[in-house]
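The following note is offered for a colleague's reading of the model. The points are numbered so that each may be considered separately.

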There are 2 protein chains.
Amino acid sequence: VVGNPAQIVGYADAQSRKLSEQRPELVEPPSVVRGVSLIRLKHVNDLRGDLCVAELEKDVPFAIRRVFCVYNVPNADIRGEHAHSELHQFLVCVNGSVSVVVDDGDNREDYMLDRPWVGLHIPPRVWSIQYKHSRDAVLMVLASAVYDPDDYIRDYGEFLEFVRGSQ
Amino acid sequence: VVGNPAQIVGYADAQSRKLSEQRPELVEPPSVVRGVSLIRLKHVNDLRGDLCVAELEKDVPFAIRRVFCVYNVPNADIRGEHAHSELHQFLVCVNGSVSVVVDDGDNREDYMLDRPWVGLHIPPRVWSIQYKHSRDAVLMVLASAVYDPDDYIRDYGEFLEFVRGSQ
């Protein structure tokens, strides 16, 4: 059932990585999930305000054809819960915090995104869930294609068949 | 002087358009400033959270090669205060509010961006200033090129020469 917090229990044993507890140079740990990476963005703090930057080629490994923002998500609710067959996504939590589970069918990992200079690259064929949105969370997602409902895999069993059948 | 609020006084007579006071269908008023437009983005409200989307071709009239976010700007401070000779920008205030002045050398206009489903397209050869950031403001900027310091025009007199000399 969509939005049922019980679905998250299955991920309780996922390795949790709260970025704020890591040393800065460890902000890009290698993920055990195929193709997933945590990318440190350019970040400038100055007296006149802060800036984070994601540039093509350098930071974002695909051409950006769509940008969307997700916000006002109730804390108990869950977003995502699907994979894409072709779409690349690059997630930046630009305000507040959000937890993200990524799962390639063999391994899963749980990231907390809580700073705007970290981007999470989720390639196609990775199941993803976003949850525990803080009240003020704004999740920016850069995507490699315009919206295509046929690119979504919304059933986890079907996802497993898809990734295992094509290995 | 950068950051001197006195510089904003010159814009006090600019036409102010607070979007939240407009009817929804008027969210794209034609700007008197050359090439500037206010674009209504796709926006979905649902019980599980809200979403705004900017797609290439449909909403954003250029290829996106850089995305940056500006946040934690003190309210009294000013960002921007420059033009670009080639760069296109698309501004979305995804949290809080910010005021933006656009000026083509002949006309100027003052927009308040206070909702995430409105994008302000600022083409090259337009002087722009951002100010009155709310404490929680997060301004997302989609840009048509990677960072190039040579594309900036930081002096208003030089800007006027540039736009008038090439008309």
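1. In this predicted model, A:Asp59 counts as buried at 7% relative accessibility, where buried means under 20% relative accessible area, exposed over 50% and partly exposed in between, with a 1.4 Å probe and protein chains only. The side chain of A:Asp59 meets that of A:Lys58 in a salt bridge, with 3.4 Å from N to O. A salt bridge here is a side-chain nitrogen of Lys or Arg within 4 Å of a carboxyl oxygen of Asp or Glu. A:Lys58 itself is exposed, with a relative accessible area of 57%, so the pair joins a buried acidic residue to an exposed basic one.

2. Chain B holds a pair with these residue numbers as well: B:Lys58 and B:Asp59 form a salt bridge at 3.4 Å, N to O. B:Lys58 is exposed at a relative accessible area of 57%, whereas B:Asp59 is buried at 6% relative accessibility. Elsewhere, A:Arg34, A:Asp104 and A:Asp106 are joined into one network by salt bridges that share partners.

3. Conventions are as follows. Residues are numbered from 1 along each chain as its sequence is written, and chains are lettered from A and ligands numbered from 1 in the order in which they are written. As the model is predicted, local features need pLDDT of at least 70 and side-chain atom pairs count only at pLDDT 80 or more, while totals for chains, interfaces and linings use all residues; side-chain values use heavy atoms, with hydrogens and water left out.

4. Which residue meets B:Arg34 in a salt bridge? The partner is B:Asp106, at 3.2 Å from N to O. The pair links distant parts of the chain, 72 residues apart: B:Arg34 is in the loop between strand S1 (15-18) and strand S2 (37-40) of chain B, and B:Asp106 is in the loop between strand S8 (98-103) and strand S9 (108-113) of chain B. B:Arg34 is partly exposed at 40% relative accessibility, and B:Asp106 is partly exposed at 47%. Over all chains, the structure holds ten salt bridges.

5. Chain A has one helix and 13 strands, and the helix follows the strands in the order from the N terminus. Helices (H or I, at least four residues) and strands (E, at least two) are DSSP runs, numbered from the N terminus. Of the 167 residues in chain A, 56% are buried. Contact means heavy atoms within 4.5 Å; among contacts in chain A with a separation of 6 or more, 79% are between residues 24 or more positions apart. Chain A exposes about 7600 Å², with carbon and sulfur atoms supplying 51% of it; the areas come from the Shrake-Rupley method with a 1.4 Å probe, and for residues only the protein chains shown count as cover.

6. The interface brings 37 residues of chain B into contact with 39 residues of chain A. The area buried between the two chains is about 3200 Å², and carbon and sulfur atoms give 51% of it. Buried area is the accessible area (1.4 Å probe) that two parts lose on being put together, summed over both. In chain B, B:Arg48, B:Asp50 and B:Tyr71 lose the most area to chain A, together 23% of what that side buries.

7. How many salt bridges are counted between chain B and chain A? The count is zero. There are, however, 14 residue pairs in polar contact, both residues at pLDDT 80 or more. A polar contact is a pair of N or O atoms within 3.5 Å; within protein, one must be able to donate a hydrogen and the other to accept it, and residues adjacent in sequence count only if both atoms are side-chain atoms. The elements of chain B giving two or more residues to this side include strand S3 (42-46), strand S4 (49-55) and strand S12 (138-143), and S4(B) gives the most, with seven residues.

8. Two residues other than glycine deserve inspection for their backbone. B:Asn72 has a positive phi near 55 degrees, lies in the loop between S5 and S6 of chain B and is partly exposed at 48% relative accessible area. B:Glu81 also has a positive phi, about 55 degrees, but is in strand S6 of chain B and is buried at 11% relative accessibility. Most residues other than glycine have a negative phi.
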